[in-house]
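Welcome! Open your viewer, and let's walk through this structure one selection at a time.

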Amino acid sequence: MEITLPGLPGHPEDEFAPRTAYFNTASHGLLPARTADVLGEAVRETAEGRGDLLRWFAVIEEARARFARIVGVPPERVALGSAVAPQVSLVAGGLPPGAEVLGAEGDFSSLLNPFAMRADLKLRTVPLAELAGAVRPGTALVAVSTVQSADGRIADLEAVAGAAREAGARTLVDLTQAAGWLPLDAGAFDYTVCGGYKWLMNPRGTSFLTVPEDGGGLVPLQAGWVAGERPWESCYGTVEELARSARRFDTAPAFLPYLGAERSLALVEEVGPEAIGARNRALAGYFRAGAAELGHRPVPGDSAIVAVPGLGDAAGRLKEAGVEVAVRAGNLRAAFHLYNTVADADRLLAALPRP
């Protein structure tokens, strides 16, 4: 097989020096050199008593703005957190007793489980392909991942959002496995959540929640001093005035992850999700076709994540060959990102067991 990959502006591959053929971005992205550099400096500043909190908070606000631009919403609609599940919990907490939540079978637990933890909600799941058709007048919220973690299938978000609007339901979309390589308009949905440590290549500990301009009826139960309209005047007692933006849903940001996030998000902005996605999908398609030629049956699609059923026990052998993949739901899962090459894909194909 032959393949010519779409080019990437600015040579972002120079930011990376993996020592393996790394196909595990769907678990954790590699850190760009610029991110590793700023993290190292921040650690030294912290160890030496040179940390500048005001400057750090300014950098964190730039990270918020960069993420907002990547997903197509104003920064005033973006709240910062540390993980997806607590942010989903805010949405779950805002639903009235008896509300029906519709989700996709086998979707990621951090998206579904907060609703299951409320015994007074009705959580109903259906196969992903049937999600839009399963929305009904009694549905209060549809929650789905843009890209399925287990096998890379891409949801028909346009159909889901249209069905939800017709039924008067809100939408919650998890962007974790999509933001960074799949062009997105988060403004098309009521809420989105996104863990930043995968395709956005942030350090773990960053998570983003987008909400409607009016807050979408959420109660900021996690609000502390950083959620105040004037944070430095909100450190003691109760917060007199919450932020007028989505920042009212912030939790205190972990400095190091967010300082690194700003640099990683800058790289994604510079290259662009469209260019990244075109390259990722081309490489994934090359591997998908190559695996099929070897007699395997990859999950079909045009995703940057390729799942190959029946190869879950091959991960150890691949690791010995210097190839990093994951096993999810019994599938071998390979995830292709901007630091992967055709040579990497050939190395993966060569290491696959034959049926």
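Before the first stop, a word on angles: each helix axis is a line fitted to C-alpha atoms over the stretch in contact, and the angle, from 0 to 180 degrees, is taken between N-to-C directions. Keep in mind also that you are looking at a predicted model.

**Stop 1: H2 and H7.** Select residues 53-71, which make up helix H2, and then residues 255-271, helix H7. How far apart are the axes of H2 and H7? They lie 8 Å apart, and the two helices pack at an angle of about 40°. Angles that are neither under 35 degrees, nor over 145, nor from 65 to 115 count as oblique, so H2 and H7 are oblique to each other. Their crossing is left-handed. To see the contact, show side chains on both helices: the H2 residues include Trp56, Phe57, Ile60 and Phe67, while those of H7 include Phe255, Tyr258, Leu259 and Leu265.

**Stop 2: H1 and H7.** Keep H7 on screen and add helix H1, residues 33-47. The axes of H1 and H7 come within 8 Å and cross at roughly 160°. H1 and H7 are therefore roughly antiparallel to each other, and this crossing is right-handed. From H1, Arg34, Thr35, Val38, Leu39, Ala42 and Val43 take part in the contact. Among their partners in H7 are Leu256, Leu259, Gly260 and Arg263.

**Stop 3: a salt bridge from H1.** Stay with Arg34 and add Glu15. The side chains of these two residues meet in a salt bridge, at 2.7 Å from N to O. The pair links distant parts of the chain, 19 residues apart: Arg34 belongs to H1, whereas Glu15 sits in the segment before strand S1 (21-22). How many salt bridges are there by the same rule? The count comes to 25.

**Stop 4: H3 and H4.** Now select residues 84-93 for helix H3 and 109-116 for helix H4. They pack at an angle of about 40°, and their axes are 8 Å apart. That makes H3 oblique to H4, in a right-handed crossing. H3 brings Val84, Ala85, Val88, Ser89, Val91 and Ala92 to the contact, and H4 brings Ser110, Leu111, Pro114 and Phe115.

**Stop 5: out to the surface.** Finally, turn on the surface and select Leu53, Leu54 and Trp232. Together they form a nonpolar patch there, with about 340 Å² of accessible area. Trp232 is found in the loop between strand S8 (207-210) and H7, and Leu53 is one of the H2 residues that meet H7.

Methods:
Residues numbered from 1 in each chain as written. Predicted model: local features only at pLDDT ≥ 70, side-chain atom pairs only at ≥ 80, totals over all residues. Heavy atoms only, no water. Patch = residues over 30% accessible without salt bridge, like charges linked within 9 Å, V, L, I, M, F, W, Y side chains within 5 Å. Areas by Shrake-Rupley, 256 points an atom, 1.4 Å probe, with all protein chains shown as cover. Salt bridge = Lys/Arg side-chain N within 4 Å of Asp/Glu carboxyl O. Helix = DSSP H or I, 4+ residues; strand = E, 2+ residues; numbered from the N terminus. Left-handed = near helix turned anticlockwise from the far one by under 90°. Contact = heavy atoms within 4.5 Å.
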